Amino acid sequence: ESFASWCILRVDLRKPFVFRGLGLSMLPNAAVARTFADHLVLLGGIPADRVHADPTPGSATIDDWIAATDHGDLCELVDGTLVDRPMGFYESLLASCLIAHLYAASNNGRLGVTSGEQGFIRLGESQVRAPDVAFFLRANLPDGRLPSERVPAICPDLAVEILSSSNTMAEMAQKRKEYFQGGCRLVWMVDPNARSVAVYRSPLQFEIIGSDSYLLADDILPA
């Protein structure tokens, strides 16, 4: 059940919500999200139809995420909320091309491994993210080995996000912040419509590479 349809049928976005799992209603506090509309703002202003209604936004746990993905949902766990990941055919095609290039650049996988849009990782205590493409240097993996956990607590050396129409700048800024806080060294934000890539070496430091230039990860991989 989508969050948007649930809201239309059952919820007035302007009214305070109830933490059903705790049996408590929220007391007023301007620093705390009190309505579903507030939660959409905290999630970066993303469309409501990307947000799961069950569990109540803000109350989801890793077990809820596992249950959702077991049912085939491609979603992330963001601040206690299950959020669908938008990725169409064209974005998936670009991701596949990048994975192939990174495999070749890493000496056919000898220097590191690359995951795709279902390569979920755990960042911090409660976030579950899946970059569209992620590259992990083998030297930085725990004991140099691939983790066996379903959602390993590791951060890529390079994270790639391929922008879709429902992504927002605020959402992408939050993802970059989490990646760098986790130890990521390089983030590529690919804009297919503009045919450009914003290359970030910190949450705020970036340069934009156009289609007439080479995209390098020379601080991680050989040119």
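## Exercises on a predicted model

N108 sits in the loop between α4 (89–105) and β5 (112–115); helices (H or I, at least four residues) and strands (E, at least two) are DSSP runs, numbered from the N terminus. This is a predicted model, where local features need pLDDT of at least 70, side-chain atom pairs count only at pLDDT 80 or more, and totals for chains, interfaces and linings use all residues. Residues are numbered from 1 along each chain as its sequence is written, and side-chain values use heavy atoms, with hydrogens and water left out.

**Exercise 1. Find what phi N108 has, and what phi D79 has.**

Solution. Start with the background: most residues other than glycine have a negative phi, and most peptide bonds are trans.
- Step 1: N108 is not a glycine, and its phi is positive, near 55°.
- Step 2: D79, likewise not a glycine, has a positive phi of about 50°. D79 belongs to the loop between β3 (75–78) and β4 (81–84).
- Step 3: N108 is partly exposed, with a relative accessible area of 43%; buried means under 20%, exposed over 50%, and partly exposed in between (1.4 Å probe, protein chains only). D79 is partly exposed too, at 44%.

**Exercise 2. Find which residues a cis peptide bond joins.**

Solution.
- Step 1: Look at D54 and P55, where the bond is cis with omega about 0°.
- Step 2: Place P55 in the loop between α2 (36–42) and α3 (62–70).

**Exercise 3. Trace the order of the strands in the open sheet of 6 strands.**

Solution.
- Step 1: Read the order as β5-β8-β9-β10-β11-β12, with mixed pairing; two strands pair if DSSP finds at least two bridges between them.
- Step 2: Check the edges. β5 and β12 (206–210) each have a single partner strand, so one side of each has no neighbour in the sheet.
- Step 3: Take one pair: β10 (residues 186–191) and β11 (residues 196–200) run antiparallel and are joined by 5 bridges. Within this pair, M189 has A198 in β11 as its bridge partner.

**Exercise 4. Decide whether K175 is buried or exposed, and find what K175 touches.**

Solution.
- Step 1: Locate K175 in helix α5 (residues 169–182).
- Step 2: K175 has a relative accessible area of 4%, so this residue is buried.
- Step 3: Leaving aside residues up to four places away in sequence, K175 touches E76, R129 and E161; contact means heavy atoms within 4.5 Å.
- Step 4: The side chains of K175 and E76 share a polar contact of 3.4 Å. Such a contact is a pair of N or O atoms within 3.5 Å; within protein, one must be able to donate a hydrogen and the other to accept it, and residues adjacent in sequence count only if both atoms are side-chain atoms.
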